[in-house]
Amino acid sequence: MKTQVAIIGAGPAGLMLGHLLRAQGIEVVIVERATADYVLGRIRAGVLERTTTDLMDQLGLSARMHAEGLLHDGFNLADGERLIRIDIGALTGRPVMVYGQTEITRDLMDAAPDRGLEIIYEASDVALHDVETDAPYLTYNRDGVAHRIDAQFLCGCDGYHGASRLAIPESAAKAYEKIYPFGWLGILADVPPCNHELIYANHERGFALASMRSEKRSRYYIQVPSDEAVERWSDDRLWDELAIRLGPEAAAHMTRGPALEKSIAPLRSFVFERMRHGRLMLAGDSAHIVPPTGAKGLNLAMSDVHYLSQSLIAWFTRRDADAVANYSNKALARVWKAERFSWQLTKLMHRFPDDDSFDRRMQIAELDYIANSIAAQTAIAENYVGLPL
Ligand code: FAS
Ligand code: PHB
């Protein structure tokens, strides 16, 4: 098969990139190792920046998002004494949209056939070839048959554990990584949220987050040791811990119910400082990971794809080689700012096993400063809603 752009991965980055390129008449094929149901079954992000919602609007795929999503003008930091509300609407003039990653993915998948976006699911053993030439190609197996796709560009949107980043020689790039000594145990349940806005809590027993997917479906998380096993957490034990960590006010409004999904996500900060190598372009989790504290992961994937689609459109419409060459630095400039914000909020809101009494006093002082400073709240708000592209 021959195409202009071959994308590896049908997560949000690959799907959004595919649609943006197809909208400009560029030939695209996506190869995905899993089934569509598997991709939709992964419960991940919940909060969308304007960057992401604008792309859905631009594609004309945002009707369900605007009908079912929840616009939020604020979120809360709980320090055990009080709720510190960050009024993102008043401080930045921009809300965030609460609409799950699963739903964004579903909207992009459902629209693919009508827009000529071919997605090949259950493609195993995807391998990238000749990425340093102007005739790269990929190979894969499906139903025991070997396939090859020749393209002008390969786009690695295959996440942290994908094959694409491995096709770039280590000598050509620099990787930065911080692994946190804890993970997030998440529960999804068909119960109304305990609060109409998100609550991020720093409690002496550890971090907790009260989030949601709708007014009838809630998403909660607690910080657990990085070696914790989800089997050790019955629903009741998890609801009890959430009630303690989120505080009496939230607990009084908390509705318990059976877990639709319960899993532990590891937390890491990671940047692979080369998002282009020859004709291979990386976007999303294949190039960077953030701890989910700042709700940046999915949104950062979308800003990569915004820049990458512009670069590839410039190439295919006017052979603009500079646009392709500048992609990596342009994307990384925004990636690093989101990495900083996610790391900062993770340090502020979690209890680190090796922290001493001074570290804890620093957290208390910073939360007190935020509670009493519009400048500090504005800095948090502008990062939370998403810095300008
Ligand atoms: P994805 O990982 O979503 O998609 C990559 C796709 O490539 C997958 O479909 C995969 O099957 C496919 N693939 C992988 N290897 C392949 C191969 N060799 N060949 C073909 N296909 C291959 N972000 C938030 O903002 N908030 C959160 O709460 C949050 N929670 C998360 C929880 C977990 C457990 C994880 C892992 C991530 C979480 N994230 C969260 C971040 C997450 O939302 C990502 O940022 C987002 O999925 C990034 O999208 P993609 O870059 O498309 O990568
Ligand atoms: C979620 O709803 O899954 C969610 C929301 C905000 C975050 C992380 C996760 O910062």
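**Exercise 1: a linked group of charges**

Which residues are linked with Arg 64 in a network of salt bridges? Work it out, then look at how one pair in the network is built.

*Solution.* Keep in mind that this is a predicted model.

Step 1. Start from the general idea: side chains of opposite charge can pair when their charged atoms come close.

Step 2. Now list the members. The network of salt bridges ties together Arg 64, Glu 68, Glu 103, Arg 106 and Asp 107.

Step 3. Zoom in on one pair. Arg 64 and Asp 107 make a salt bridge in which the closest N and O atoms are 2.8 Å apart. The cut-off for a salt bridge is 4 Å, so 2.8 Å passes.

Step 4. Find the two partners along the chain. Arg 64 sits in helix H4 (residues 63–68) and Asp 107 in helix H6 (residues 101–111), so to speak two distant parts of the chain, 43 residues apart.

Step 5. Check the cover on each partner. Arg 64 has a relative accessible area of 24%, so it counts as partly exposed. Asp 107 has 11%, so it counts as buried, because buried means under 20%.

**Exercise 2: two more salt bridges**

Take the pairs Asp 368 with Arg 82 and Arg 142 with Asp 143. For each residue, decide: buried, partly exposed or exposed?

*Solution.*

Step 1. Get the whole count out of the way: a search of the full structure turns up 22 salt bridges.

Step 2. Asp 368 and Arg 82 form one of them, with 3.2 Å between the closest N and O atoms. This pair links distant parts of the chain, 286 residues apart: Asp 368 belongs to helix H12 (residues 357–372), while Arg 82 is in the loop between strand S5 (75–78) and strand S6 (83–86).

Step 3. Classify the pair. Asp 368 has a relative accessible area of 37%, which makes it partly exposed. Arg 82, at 33%, is partly exposed too.

Step 4. Go on to Arg 142 and Asp 143, whose side chains meet in a salt bridge at 3.2 Å, N to O. Arg 142 is partly exposed at 27%. Asp 143 has 69%, so it is exposed, because exposed means over 50%.

**Exercise 3: the surroundings of ligand 1**

Which residues come nearest to ligand 1, and how much of the ligand does the protein bury?

*Solution.*

Step 1. Look at the shell. There are 28 residues around ligand 1, and the nearest are Glu 32, Arg 44, Gln 101, Asp 285 and Gly 297.

Step 2. Sort the shell by type: 14 residues are nonpolar, 7 are polar and 7 are charged.

Step 3. Pick out some polar contacts to oxygen atoms of the ligand. Glu 32 brings a polar side-chain atom to 2.7 Å from one. Arg 42 has a side-chain N or O atom at 3.2 Å, and Leu 298 has a backbone N or O atom at 3.2 Å.

Step 4. Now the area. On its own, ligand 1 exposes 1,000 Å², and the protein buries 86% of that.

Step 5. Ask where the shell comes from. Helix H1 (12–22) and helix H9 (297–318) are the elements that give two or more residues to it.

Step 6. Follow H1 a little further. This helix is mostly covered, with 10 of its 11 residues buried. Among the buried ones are Pro 12, Gly 14, Met 16 and His 19.

**Exercise 4: placing ligand 2**

Why does ligand 2 lie between domain 1 and domain 2?

*Solution.*

Step 1. Describe the shell: 14 residues surround ligand 2, with Tyr 200, Ser 211, Arg 213, Tyr 221 and Pro 292 the closest. By type, they split into 8 nonpolar, 3 polar and 3 charged.

Step 2. Find contacts to oxygen atoms of the ligand. A polar side-chain atom of Arg 213 is 2.7 Å from one. From the backbone, Pro 292 offers an N or O atom at 2.7 Å, and Arg 44 a polar atom at 3.2 Å.

Step 3. Note the cover. Ligand 2 taken alone exposes 280 Å², of which the protein buries 98%. Strand S15 (206–212) and strand S16 (218–225) are the elements giving two or more residues to its shell.

Step 4. Bring in the domains. Domain 1 (5–70 + 98–176 + 268–345) and domain 2 (180–266 + 350–384) both contribute residues to the shell, so ligand 2 lies between them.

Note on methods: Residues numbered from 1 in each chain as written. Chains lettered and ligands numbered in written order. Predicted model: local features only at pLDDT ≥ 70, side-chain atom pairs only at ≥ 80, totals over all residues. Heavy atoms only, no water. Near = heavy atom within 4 Å. Polar contact = N/O pair within 3.5 Å; in protein donor to acceptor, adjacent residues only side chain to side chain. Areas by Shrake-Rupley, 256 points an atom, 1.4 Å probe, with all protein chains shown as cover. Helix = DSSP H or I, 4+ residues; strand = E, 2+ residues; numbered from the N terminus. Nonpolar A, V, L, I, M, F, W, Y, C, P; charged D, E, K, R; others polar. Buried < 20%, exposed > 50% of the residue type's maximum accessible area, 1.4 Å probe, protein only. Domains from an automatic or database assignment.
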